[in-house]
Amino acid sequence: MGNVLVLAEHRQGTLRDISFEMLAVAPKLAADMGGEVMVLLIGSAMDEMAQKLAGYGVKVMVIDDPLFENFNAEKYQKVLSALIDDLKPAVLMTGHTAQGVDFMPALAVEKKLPLIAEALNLEYVDGTLKATRQLYSGKVNATVAFKPADTYLLTFREGAVEAPAPSSAGVVEKVDSPLKEDVPYRKFVEYIEAEVGDVDITQSDILVSVGRGLKEDKNLPLIEELAKAIKADIAGSRAATDAGWIPHDRQVGTSGKSVKPKLYIAMGISGAFQHIAGMKGAKTVVAINKDPEAPIFTVADYAIVDDMFKIVPKLTEKLKELKG
Amino acid sequence: MKTYVCIKYVPDTSEAEVKVNPDGITVDSSRFSFDINDADNYAVEESVLIKEAQGGEVTVISIGPKQSDVMIRMAMAKGCDQAVRIEDDRIAGHDPLMVAKVLAGTVRDKEFDLVLTGCMATDDWHMSTGVALAEELGVNHASMVNKVEILDGGRVRVNRELEGGLLEAVELELPAVLTIQTGINEPRYAPIRGIREAQKKELKVVKLEDIGIDPAEVGVEASQIVLEELSIPEVVSAAEFIEGEPDEKAEKLASILIKGGLL
């Protein structure tokens, strides 16, 4: 039986989007593989979330136990290891998220099963399961195929597909936890909320955003002058915040903020998927990048292929002049 | 504190166009400059910070070609004590599970408290090697770590970076593997004296057999995944590309922004 086991993800009482997004691809995969979709939900006080997932016409298996109040890689690995033996799914899929990447590779090693990480498309052709994933910040696509194995392990990229609409009512089934006592080696301590800075970029109308192309912080005044001329706030990609050029609370992307300004000007940002996920809500996007193949251009409305340092001074000057 | 830090020599493709070789499964890296993987650079810094605070030693491990010795010497110039470089073309580099087995071979049977890796390589983006390595070694792990605090009693507290800026604090029993996230610290520049001293530090170059690994267990035959094809995704852009000399482009963009009422 080619069943597809989808491990849903939730945090702080809410199902994360990836849990629904996987339901856009799992049913077709299961059908192609001659099985059905089983959604696994692990947590504590899960009734509401279980019902919500079941509304997508799937069978939801719930392990509901105070032991699973918060995610713990050690516990998840133990539970999934036992469930793979019990259920023998053809595929175990979960999100390529801070949660998924924290236990799936260890599970793969333990069970001697293959893993493909961060798949963004799946196809089952002539008995072979193949995944598309990306390399080099999304500049290269790779087709990776599984060799035959009892269970294929996959982590699926967040935001790669749209979540489907809820459909028919499915079934919720409680499953006994294979884990009977707490784990000794790893303890969840607490969540620490994101720091709040002086500017909340999620509320900005105009954002000037810089990436690795800024090169060094002594180039920042150039950007500040442009931002001042058009009353924009300054944001940055992960590369820019890691380098300390831009405060961390102004990072745009999956690990930072999702922004929705009227105008987003991306300069020296190649536009890795994680960045685009954080700014695709912008109404108008201007991108300036040296590389004509930079993925940022796929979401741009206006594009300039050039060195940002050759463009920005003149752009600022002209804007000041036109605005009078 | 005895620490191992695993680092990778990767091409910088941030502003470069990438082309696939005729074999269809490798990229033409002849025009790229190579250096330490971004997250690994932070892992090196963290390992040296831990050594400075706790005492002990740091060993660098890397799988790569002779050219990567420059990167390894730089890590030693910053304070790492010794290094092992595995140079062997029989490793299935496309599969992090195979890479983890090789790295484990250099650490297994040795005493250690911590193994640090970067949480992701900027070339292949798996985010899998460190966590797989922990399982190979039979020790605890935490991934995407952006703060490390060594506690008394053989434990460590780390902050893990979740989505949307949220962090999760967890405690682990040592020994453990931590995959380090970028931004955790400020990687230092190597001091001149360090660069000189690094030349005298030991950099051992080994083959798979030297670290007790059967090449048949980590090669493309052993890997359960096959890299079938690389392709360049078409950049489908609906954007209006503004052409001309740089000054003209800047002027055109300015008038589009003003006339379009975008400001």
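Tutor: In this predicted model, chain A is divided into domain 1, covering 4–174, and domain 2, covering 201–323.

Student: What makes these stretches of chain A domains?

Tutor: The bounds come from an automatic or database domain assignment, and the C-alpha centres of domain 1 of chain A and domain 2 of chain A lie 34 Å apart. The contact between these domains takes six residues from domain 1 and seven residues from domain 2. On the side of domain 1 of chain A that touches domain 2 of chain A there are no nonpolar, four polar and two charged residues.

Student: How do you know which residues belong to the contact of chain A with chain B?

Tutor: Two residues are in contact if their C-beta atoms, placed from the backbone, lie within 7 Å, and on that basis the contact takes 75 residues from chain A and 76 residues from chain B. Several elements of chain B give two or more residues to this side, among them α3 (96–107), β9 (167–173) and α6 (246–259), and α6(B) gives the most, with 11 residues. By class, the side of chain B that touches chain A has 39 nonpolar, 17 polar and 20 charged residues.

Student: Why is strand β13 (residues 186–192) of chain A said to pair with β9(B)?

Tutor: Pairing asks for at least two bridges between the strands, and six bridges join β13 of chain A to β9(B), so the two strands count as paired, and they run antiparallel. Within this pairing, the bridge partner of A:Y191 is B:E168, while the bridge partner of A:K187 is B:E171.

Student: What makes β8(B) and β9(B) a pair?

Tutor: The reasoning is alike: seven bridges join β8(B) to β9(B), where at least two are needed, and therefore these antiparallel strands pair as well. One of the facing positions is B:N159, which stands opposite B:A169 in β9(B). The hairpin of β8(B) and β9(B) has five residues between the strands, and in this hairpin B:G164 takes a positive phi near 70°.

Student: How do you know what share of chain B is buried?

Tutor: A residue is called buried if 20 or more other C-beta atoms lie within 10 Å of its own, and of the 263 residues of chain B, 51% count as buried. Chain B has six helices and 13 strands, and along its principal axes the C-alpha trace spans about 65 × 45 × 40 Å. Of the contacts in chain B with a separation of 6 or more, 69% are accounted for by residues 24 or more positions apart.

Notes
Residues numbered from 1 in each chain as written. Chains lettered and ligands numbered in written order. Predicted model: local features only at pLDDT ≥ 70, side-chain atom pairs only at ≥ 80, totals over all residues. Helix = DSSP H or I, 4+ residues; strand = E, 2+ residues; numbered from the N terminus. Nonpolar A, V, L, I, M, F, W, Y, C, P; charged D, E, K, R; others polar. Buried ≥ 20, exposed ≤ 12 C-beta atoms within 10 Å, placed from the backbone.
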